[in-house]
Structures are given as C-alpha cells and as structure tokens.
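Here is a set of questions and answers about how the words used for a protein model rest on numbers. Please read each answer with the structure open beside it.

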Amino acid sequence: MKLNDLIYQSGQWLKGTGPYSNIVMSSRIRLARNLLSVPFPNKAHKKDLVNVLSSVQEATKKIDYFKKSTLFQMNELDNIDRQFLIERHLMSHEHSSNTEGKALIISQEEILSVMINEEDHLRIQVMQSGLNLHETWKIIDMIDDNLSKILPFAFLQHWGYLTACPTNTGTAMRGSVMLHLPALVMTKQINKVLTAIAKLSFASRGFYGEGTQARGNFYQISNQVSLGHSEVDIIQNINGLIRQVIEQEEQARQALILQNKPMLEDKIFRSLGVLKNAHIISSQETIELLSLVRLGIDLGLVKNIDRCTMNELLILIQPAHLQKIEGRKLSASARDIRRASLIREKLGGV
Amino acid sequence: MICDLCGKKKATVHLTEIVDEQMLEMHLCEECAREKSVQMEQQFGLSDLLAGLADFGKQVKDYEKVKSVCPSCQLSYEDFKKFGRLGCSECYTAFQDQLGGLLKRIHGSNRHHGKSPGNVQVKSVKKTENIQDLKQQLQQAIEQEHFEQAAELRDKIRALETKRKEDNK
C-alpha cells in the first residue's frame with residue numbers, strides 16, 4: 001500500500017455502522033508499550049530509536065495480522081503527508097515533529113495503526129465504527145498478545161505496563177468513544193453533561209483530538225484512570241457512561257422534534273442547501289453544517305444521503321486532504337474554493 | 001465579513017493560529033474573540049499539572065534530592081517534575097517511593113489489576129485474567145440476550161471472586 005492509495009479509500013471506522021451509530025461515530029482503544037532496557041523515546045539516543053524500530057518491524061513480520069499492513073518512516077514523509085495522517089486519526093500531532101526514528105504502521109482498512117517512538121516505544125491503536133469497545137478490545141488484545149510473545153515489554157507486577165508518563169501507567173490503555181451530540185448542544189445541556197463526565201474522571205475533547213475544541217458537536221470521551229482497574233472493567237465503565245449520554249441525547253432529539261419540528265427541519269435543510277450550493281466555504285462552517293445534516297439523516301428527515309458520506313466528508317474537507325486530492329499545495333483561500341467544489345461533487349449539488 | 005464563530009455579528013478581529021506548521025485563519029466579532037482569548041490562556045500543559053501533583057507529596061530534603069537520580073538513564077526526579085516524563089523503565093524502581101504516592105494521586109490506586117505480557121508468568125495475575133475473561137463473556141451474553149448463559153457466568157464470577165477474597169485473607 002502506498003500513502004496516496006489512502007486518498008481514495010476511507011477507514012473502516014467511518015462506515016457509520018455498528019451499535020448506536022446514529023449517535024456514536026466510532027470506538028477507539030490505544031495501548032502504550034515500551035521495550036525493556038531501552039530508554040523511553042524522550043531519553044533515547046538515535047541508535048536506541050533505530051533499534052526499537054527494527055525490533056518492532058521484525059516482530060510484525062512474524063504476526064499474521066500485520067501481513068497486510070504498511071510501515072511509513074516519518075522522516076521520509078513531507079509536511080502535508082504527515083498532516084494527512086493526523087487528519088485521518090491514524091497518528092498524533094506529537095508524532096509529526098522530531099521525526100528521527102519515528103514510524104507509523106497502518107493496516108489495510110485503517111483498523112489498526114501503530115506509532116513507533118512517539119511518547120512511548122509503541123502506541124497501538126484499533127478503531128471500529130459505532131459503540132464497539134468490546135470488539136475493539138478483542139482485536140487489540142490479540143495484537144498485543146502476539147507482540148508480547150516476541151518483544152520484551154517493560155512491566156512490573158504491581159504497577160503494570162511502564163510508560164513515559166505516569167498518567168498512562170498500569171493498563172496503559174485509553175478507550176475513547178466519538179459522539180455526535182447536536183441536540184444536547186442545541187438544548188444547552190451539553191455543559192451539564194460534560195461537567196458530570198469530568199467529575200467521574202473521564203476526559204472529553206473535540207473531534208480533532210487532544211487540545212482541540214469540540215467542533216460540529218462532536219465530542220470524544222475517554223478514560224483518564226489506567227491503573228487499579230482491569231482493561232475490561234475500564235471498558236465497562238466507559239460503556240455505562242456512554243449509554244447514559246446516548247440516552248440524554250436521544251431524549252433531547254425527541255424534545256426538539258416535539259417542541260418545534262418545522263424550525264429544526266428549516267435549520268437542517270438550509271444547511272444542506274448551503275453545502276450543495278456554496279462555492280467558497282471555510283472548514284469551520286462546513287463542520288457545523290455537516291453536523292446538522294447528519295442530525296437530519298439520523299432523524300430520518302434527510303433521505304438519499306447516507307451517514308458514511310457525512311463521516312467521509314468530515315475527514316476529506318481538512319487542509320492536507322484537499323491538498324493531497326489536488327496533488328499540490330493550496331493557499332487557505334484556494335482551499336476554501338476546493339472544499340466547496342468537493343462537497344458539491346459528493347452531495348450532487350450544482 | 002461575518003464572524004466565523006457566531007455567524008451573526010461583524011468580524012472585526014482577524015486571528016491567525018499556527019498549528020503544526022498549518023496556518024488557520026479565523027475572522028471573529030469582538031465578543032467571540034474575547035471568549036477565544038480566554039480559552040487560549042486557559043490551555044496549559046500536562047507537565048504543569050503533573051509538576052504540581054509531584055510537588056504535593058512530602059517535602060524532600062536537600063540531601064535526598066541529590067540522591068534521586070535514575071542510575072540507568074541519569075534522569076533526576078527534579079527533571080521529571082519539570083517535564084512530566086520518566087526516562088526509562090528503571091526510573092520506576094529508582095523513584096519508587098515518590099512514584100507510589102504520585103500514581104495513587106493520579107489514578108486513585110497504585111496496584112495493577114489488568115493483563116500482563118505473555119512472557120511474564122504471574123500466578124495471581126492469571127487468576128485475575130480468568131475473571132476478566134468471564135466478565136467479558138458475561139457482557140456479550142447480555143448484549144446477545146442469552147440470559148441463561150449470562151446467569152451461569154454471573155454465578156461463576158461470584159464464586160471465583162469469593163474464593164479470591166478468601167485466598168487474600
């Protein structure tokens with residue numbers, strides 16, 4: 001697989017299927033692992049990083065699951081390529097700077113990605129569509145078991161897996177669920193929900209990852225605590241919390257319809273109208289309009305457009321994606337024009 | 001030009017943010033701009049937080065500070081407090097007294113209950129894994145509405161947990 005092949009496909013996690021996919025966009029689990037007797041990346045010398053990279057590469061050759069995956073060395077990619085991978089949720093911002101010894105493994109359907117030499121030697125990530133943390137755990141657990149048969153992971157019986165940052169020590173697991181909560185935002189209940197989530201030691205952030213504002217009513221909720229509970233217990237806790245948030249969102253959606261359906265329909269169809277007809281559009285405006293149209297699809301008001309198209313657009317309208325599609329660098333204003341034409345192509349506009 | 005955030009008022013503030021060499025332009029009205037600047041001021045790093053937590057513990061005397069250096073990667077505990085990152089797995093042993101308290105403050109516990117790598121054979125952990133497997137099966141049985149199977153699994157988990165408690169007494 002070449003990096004450019006990714007432009008013409010979309011990750012399995014964007015299919016818009018799976019349990020509660022009207023509200024839950026995707027489920028993701030990541031595990032952090034470090035090799036015994038090698039300094040963590042922040043203290044490692046170039047030689048150490050190169051050794052880690054080749055050990056991981058050798059190990060993956062012996063594991064079936066990695067047969068259809070590809071490894072990309074960060075220092076062989078340009079800025080737009082690296083930004084493109086971040087936009088696809090396959091790696092972090094941190095992974096794109098100081099690229100010495102850093103690499104990324106991606107499986108064919110973008111279900112699995114492994115960052116090598118980010119904050120920890122390995123950051124393994126598995127993503128699935130809908131609320132599917134158990135299935136996600138099964139896949140990542142199997143991959144981790146296979147890797148641990150070959151690679152000696154740093155582990156202490158009483159503290160679990162050892163990581164560069166003590167906030168990850170223990171299971172070194174972060175489970176996240178991406179939710180679309182437009183009705184809770186419109187009914188001004190979202191802050192109440194987010195405060196409750198924070199009180200329960202869960203983190204919430206935006207669609208575009210760590211440090212980003214929630215945009216387009218997308219919220220990512222994940223566990224903060226990684227030590228003291230088993231992986232399955234953590235997953236059950238997240239699931240329990242997410243189910244409650246889903247229920248709140250569903251109630252808010254029903255309330256919106258009961259209170260003023262014409263107003264809601266007007267908002268949704270005006271958004272669709274702008275998306276289908278605009279010739280210049282910023283990413284901020286696009287995301288907000290896509291969110292409303294997606295709500296329309298979920299409520300059965302908008303027909304002939306599927307959720308998958310909405311999910312794909314959320315990824316495709318980002319700067320590096322537009323530039324990869326176009327095959328050259330685009331200025332911000334040129335991107336606004338290209339973005340509008342891309343949306344019109346996808347939605348069959350004028 | 002209309003504000004990018006509220007979409008209502010006239011944009012008078014033009015903000016350029018550079019995130020990973022990517023320039024983002026925003027056109028905002030005065031009110032939204034004020035809100036945005038407050039949010040930006042509030043953003044601070046995890047290392048700031050960690051440093052605060054790490055300081056929270058008992059006062060370390062000067063002569064102890066000198067000793068707190070990891071023999072393997074030479075990271076000092078002072079540097080860890082500054083940057084919030086440990087240097088290698090040996091740091092966990094070198095700073096175990098300080099880290100025990102810190103982990104408890106972060107996670108509310110300092111005892112691992114999750115899986116272990118395939119190459120580590122630990123008896124007590126094996127037992128935990130077994131219960132975890134059963135819990136996972138139970139969750140799936142409930143989701144698939146196989147309630148008889150779920151009841152059997154629930155009883156098995158209860159029995160194992162009671163036995164584990166007795167073993168630990």
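Q: What share of the 169 residues in chain B is buried, and what makes a residue count as buried?
A: A residue is called buried if 20 or more other C-beta atoms, placed from the backbone, lie within 10 Å of its own, exposed if 12 or fewer do, and partly exposed in between; by that rule, 20% of the 169 residues in chain B are buried. This is a predicted model, in which local features need pLDDT of at least 70 and side-chain atom pairs count only at pLDDT 80 or more, while totals for chains, interfaces and linings use all residues. Residues are numbered from 1 along each chain as its sequence is written, and chains are lettered from A and ligands numbered from 1 in the order in which they are written.

Q: How many helices and strands does chain B have, and what makes a stretch count as one or the other?
A: Helices (H or I, at least four residues) and strands (E, at least two) are DSSP runs, numbered from the N terminus, and on this basis chain B has 8 helices and 2 strands. Along the sequence, their order in chain B is β-β-α-α-α-α-α-α-α-α.

Q: Why is Ser37(A) called exposed or buried?
A: Ser37(A) has 12 C-beta neighbours inside 10 Å, and therefore it counts as exposed. Ser37(A) is placed in the loop between strand 1 (24-33) and helix 1 (46-61) of chain A, and its C-alpha is 7.8 Å from that of Ala154(A), although 117 residues separate the two in sequence.

Q: What makes Glu110(A) and Ala172(A) fall into their burial classes?
A: Glu110(A) has 19 other C-beta atoms within 10 Å, so it is partly exposed, whereas Ala172(A) has 29 C-beta neighbours inside 10 Å and so counts as buried. Glu110(A) lies in the loop between strand 3 (103-107) and strand 4 (112-116) of chain A, and Ala172(A) in the loop between strand 7 (160-161) and strand 8 (173-180) of chain A. Neither is a glycine, yet phi is positive in each, near 60° in Glu110(A) and about 55° in Ala172(A).

Q: How do you know how helix 7 of chain A is oriented relative to helix 8 of chain A?
A: The axes, which are lines fitted to C-alpha atoms over the stretch in contact, give an angle from 0 to 180 degrees between N-to-C directions. For helix 7 (residues 283-298) and helix 8 (residues 307-316) of chain A this angle is about 165°, with the axes 10 Å apart. Angles under 35 degrees count as roughly parallel, over 145 as roughly antiparallel, 65 to 115 as roughly perpendicular and the rest as oblique, so helix 7 of chain A is roughly antiparallel to helix 8 of chain A.

Q: Which residues of helix 7 and helix 8 of chain A meet, and of what class are they?
A: Ile287(A), Leu290(A), Val293(A), Arg294(A) and Ile297(A) in helix 7 of chain A meet Arg307(A), Met310(A), Leu313(A) and Leu314(A) in helix 8 of chain A, where contact means C-beta atoms, placed from the backbone, within 7 Å. By class, the contact of helix 7 with helix 8 of chain A has 7 nonpolar, no polar and 2 charged residues; Ala, Val, Leu, Ile, Met, Phe, Trp, Tyr, Cys and Pro count as nonpolar, Asp, Glu, Lys and Arg as charged, and the others, Gly among them, as polar. The buried residues of helix 8 of chain A include Met310(A) and Leu313(A), and what covers the buried residues of that helix includes strand 1 and helix 7 of chain A.

Q: Why are helix 2 and helix 9 of chain A described as they are in orientation?
A: Helix 2 and helix 9 of chain A pack at about 125°, with their axes 8 Å apart, and they are therefore oblique to each other.

Q: What makes a group of residues a nonpolar core, and how many residues has the largest?
A: A nonpolar core is a set of buried Ala, Val, Leu, Ile, Met, Phe, Trp, Tyr and Cys residues joined through C-beta atoms within 7 Å. The largest has 88 residues, and those with the most contacts inside it are Leu104(A), Val177(A), Leu179(A) and Cys91(B). Helix 6 (residues 231-277) of chain A gives the most to this core, with 7 residues.

Note on methods:
Two residues are in contact if their C-beta atoms, placed from the backbone, lie within 7 Å.
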